[in-house]
Each structure stands twice: as structure tokens, then as C-alpha cells.
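Reader: Please take me through one part of this model at close range, namely the open sheet and what packs on it. I would like strand order, pairing, partners and burial, and then a few residues away from it.

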Amino acid sequence: MFLMPDQDAISLTKALLRFETVNPPGRERDCARYAGAMLEEWGFNVDYYEYADSRTSVIARAGGSDRKAPLCLTGHLDVVPLGARKWSKDPFSGETDGDKLYGRGSSDMKAGVAAILLAARAYGKRLGGTPGVVIVLTAAEEGGCIGSAQLAKTQLLGSAGAMIVGEPTSNYPLVGHKGSIKFHARFKGVSAHGSMPELGVNAIYKAAKAVAKLEKFRFGTPRHPVMGRPTLNVGTIEGGNTVNAVPDAASFGVDIRTVPGMDHERVLKKIRSSLKEAEIDVFSNLKPVWTAPDEEWIQRVFEICKPYVGKPKARTAPYMTDAANLLKVYAGVPTVVLGPGEAAMAHQTDEYASQERIREAVAIYESLIRDWCRP
Ligand SMILES: [Zn+2]
């Protein structure tokens, strides 16, 4: 069997890096089964969920009591593609140089998954009669959090009382991130020969006017004290087939990032009424993740992280996480984004993680489990 009882955080990160889980296409199954088999060995009840072939997520539980829901630790198993630039290190073998451990997904976020697993190993068999722990390892996080969205539609997640998302933060506890609304706006026209545009209706002109409107779009939302303002970006545009015809279709893609307190339905209503001619097709709609920094458990997390990062201040992550989907089930639970990877290394060529921070993350997660499950 592939289980090594004395495996440390670094060798486990390397073992996870060797599973090629580049998304697309993903293929997290082998990596998920490897993690799940270990968790089972360490006293966890393990479920798998595949929303599509080979797109496997793991849900593992230990302990549990009526008095308090378990602590959730979550991370994703997929990694982004290598990119166009050539790597100077092997992206999948776990090469090291001093403190640096290289590999695609080292920071984002197999180091985080390894730290979660090792903290789980330390406590798996000692959680009986305590609130316990639920470990959620997701497929298909990169490119839209699809794995967690599918998982949230099942009954497998159960309940949780607080959540730690092991995405790269250099072990700094972050109290949330913005939400997002992503949509395509589609416009129809009437085709005609390019030499007689007066006989047609130009869909590109409609789309262009709408884009100009969106550039000036104002949310009318007060500035959030930590996250700042919501943003809007038009990221793609398409239209027409040939230069000598009036285009009868055009569309563009929009990414809105929202802050706590915004009502997504109201935002969409405002967008729809300002783009009257568009057909709006929303393909992602995720609320912001936010826990007030003075919340009791967040204060405990800050206290536990203090020896490693100094006294934490209220900060949020620049990126989205699976928490936005998991909170559909674990509604309202305090949530931190806290993991050993380096945020600046995510998605980079020659991505690396700090071995020291990986070891520290194991200690932090262990303290958080101990703290949550104390009698
Ligand atoms: Zn990530």
C-alpha cells in the first residue's frame, strides 16, 4: 500500500504533487482516492462524490457530538495548467531548493491539503465524543468552483460549525473574500450584405453601446471597510462572422465582484434595466464570504496564528474560494481563509511553497482542531 505512517508534511505534499490534476481536464480521482484511503486508515468515515467521470471530491468525518457541529477544513485537489512559459523545475516531482518546494499546485494548494491531512492524522482517532472534524477535498475548484457547487447540492456535506479554507495565505488568517456574478449579455440583430447596412440591424452596435454603458456603471454601494468597493469588468466580446455582412449576433462576458451587504438580485435587476436589449445569461452567482473580525472564533484563530504572523488585522483574500458554495450548506458559519501556500505564487511558472510554512500550517490546524474539540 502507498501509506507511509511516518510521512511528514513535506513528503506528503510531494506525494500529492505527483498526481497530475491539471484542470482542465482535472481527473482528481486518483488523488482523491489516495487522500481518502489515508483518512480512512486514520479513523475517518470517508465518502466520495463524482459529479462527472473522474471528478472526485472527498468528504471525511471523525468524531461528532450533539452539543456542537464539527470544524470543517477544506481544500481543492485540482491545479491550473502549466502555462505557456517553460518551467525551470519539474512541475510534478516535488523538487526542492533550500526552503522552496517547487511544483504546480505546491502553493495552490496541495501544501494546504497536505497540512490539513496531517492535522487530521494527529486527531482522527481521538475525536470520539467531541464535536469532531469534517474534511472536504474538492474537485474542479479552478475555473469556477464547479466541484463544490455540485457537492453543495448533495446531502454529503452534513453540518459544520466553523470553516477553514486552506488556500494560499502564507498562514495569515483572512476573514473572507468578495462575491461574484458572472454573465453573458447577448444581442440579436438582422443580417444584411455589408454594402447595404441600412437593410440590417447591427448587433455589434447594440453590444458596443451596452459595453460603453457598463464602463460607467455605478453600484451605489457604500465602501466596505475591509473589501472596499465592488468592481465590474467586461472580459470577453464576440460578434459577427465576416467583415462584409451586418452581424445578427453579438455577446460579451461580464465579471462583477461584490462586497458584503449587496443584494445580488438587485444588482442583476439594475443591470437588466440598463441593458434592455440584452438577453442576460448568468452562469455564476456566488455571495461574498465575510465574518466580522471580532467574532469569537475568529478571535481564537487570530490568537493561534499570532506566534507565526504577528497580531493579525482584518484582511480579505483577493480571490474566490469554495467557501462561497459550501456556505450554501454551512449557512452563516464563521469562516477563515488560511493556508501555507504563497498567494503570489498561485498560477505562476515555477510555483513554489515554503517548507517552513507547510510545517507551521500543520501546527496551526492542529491547534485549531484541539481548540474546537476541547471538552
Ligand atoms: Zn486555489
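Author: What follows starts with the open sheet, moves to the helices and core beside it, and ends with a second group of strands and some single residues.

This is a predicted model, in which local features need pLDDT of at least 70 and side-chain atom pairs count only at pLDDT 80 or more, while totals for chains, interfaces and linings use all residues. Residues are numbered from 1 along each chain as its sequence is written, and side-chain values use heavy atoms, with hydrogens and water left out.

The open sheet has six strands in the order β1-β2-β6-β3-β7-β16, and its pairing is mixed. Helices (H or I, at least four residues) and strands (E, at least two) are DSSP runs, numbered from the N terminus. Two strands are said to pair if DSSP finds at least two bridges between them. At the edges are β1 (45-50) and β16 (335-337), each of which pairs on one side only. On average, neighbouring strands of this sheet are turned by 15° against each other, direction ignored. Such angles run from 0 to 180 degrees between N-to-C directions, and the axes are lines fitted to C-alpha atoms, for helices over the stretch in contact.

Start at the β1 edge. Strands β1 and β2 pair in the antiparallel sense over six bridges, and Tyr-48 stands opposite Val-58 in β2. The hairpin of these two strands has five residues between them, and Ser-54 there takes a positive phi near 70°. Strand β2 (residues 56-62) is mostly covered, with six of its seven residues buried. Buried means under 20% relative accessible area, exposed means over 50%, and partly exposed lies in between (1.4 Å probe, protein chains only).

Next in the order comes β6. Strands β2 and β6 run antiparallel and are joined by five bridges; here Val-58 has Leu-137 in β6 as its bridge partner. Val-58 is thus a link in the description of both pairings, standing opposite Tyr-48 and bridging to Leu-137. On to β3: strand β3 (residues 71-76) and strand β6 (residues 133-138) pair in the parallel sense, over six bridges. Within that pairing, Leu-73 has Ile-135 in β6 as its bridge partner.

Two helices lie across these strands. Helix α3 (residues 106-123) lies across β3 and β6 and runs at about 145° to β3. Helix α9 (residues 355-373) lies across β3, β6 and β7 (162-165), at about 150° to β3.

The largest nonpolar core has 58 residues, of which Leu-39, Phe-44, Leu-117 and Ile-135 touch the most other members. A nonpolar core here is a set of buried Ala, Val, Leu, Ile, Met, Phe, Trp, Tyr and Cys residues joined through side-chain atoms within 4.5 Å. Helix α3 gives the largest share of this core, 11 residues. Leaving aside neighbours within four places in sequence, Leu-117 is in contact (heavy atoms within 4.5 Å) with Leu-12, Leu-16, Ala-35, Met-38, Leu-39, Trp-42 and Leu-137.

Now a second group of strands. Seven of the 10 residues of strand β13 (residues 249-258) are buried, so this strand is largely enclosed by the rest of the structure. Strand β9 (residues 179-188) runs antiparallel to β13, with 10 bridges, and Lys-182 stands opposite Asp-255 in β13. Strand β11 (residues 231-239) also runs antiparallel to β13, with eight bridges, and Gly-239 stands opposite Ala-250 in β13.

Some single residues remain. Ser-170 is found in the loop between β7 and β8 (176-177) and is buried, with a relative accessible area of 17%. The side chains of Ser-170 and Glu-342 are joined by a polar contact of 3.0 Å. A polar contact is a pair of N or O atoms within 3.5 Å; within protein, one must be able to donate a hydrogen and the other to accept it, and residues adjacent in sequence count only if both atoms are side-chain atoms.

As for cysteines, the structure holds zero disulfides (pairs of cysteine sulfur atoms within 2.5 Å). Cys-145 is in no disulfide, and the nearest cysteine sulfur, that of Cys-72, is 14 Å away. The sulfur of Cys-305 is 16 Å from the closest cysteine sulfur, in Cys-72, which is too far for a bond. Cys-145 is buried at a relative accessible area of 4%, and Cys-305 counts as buried at 0%.
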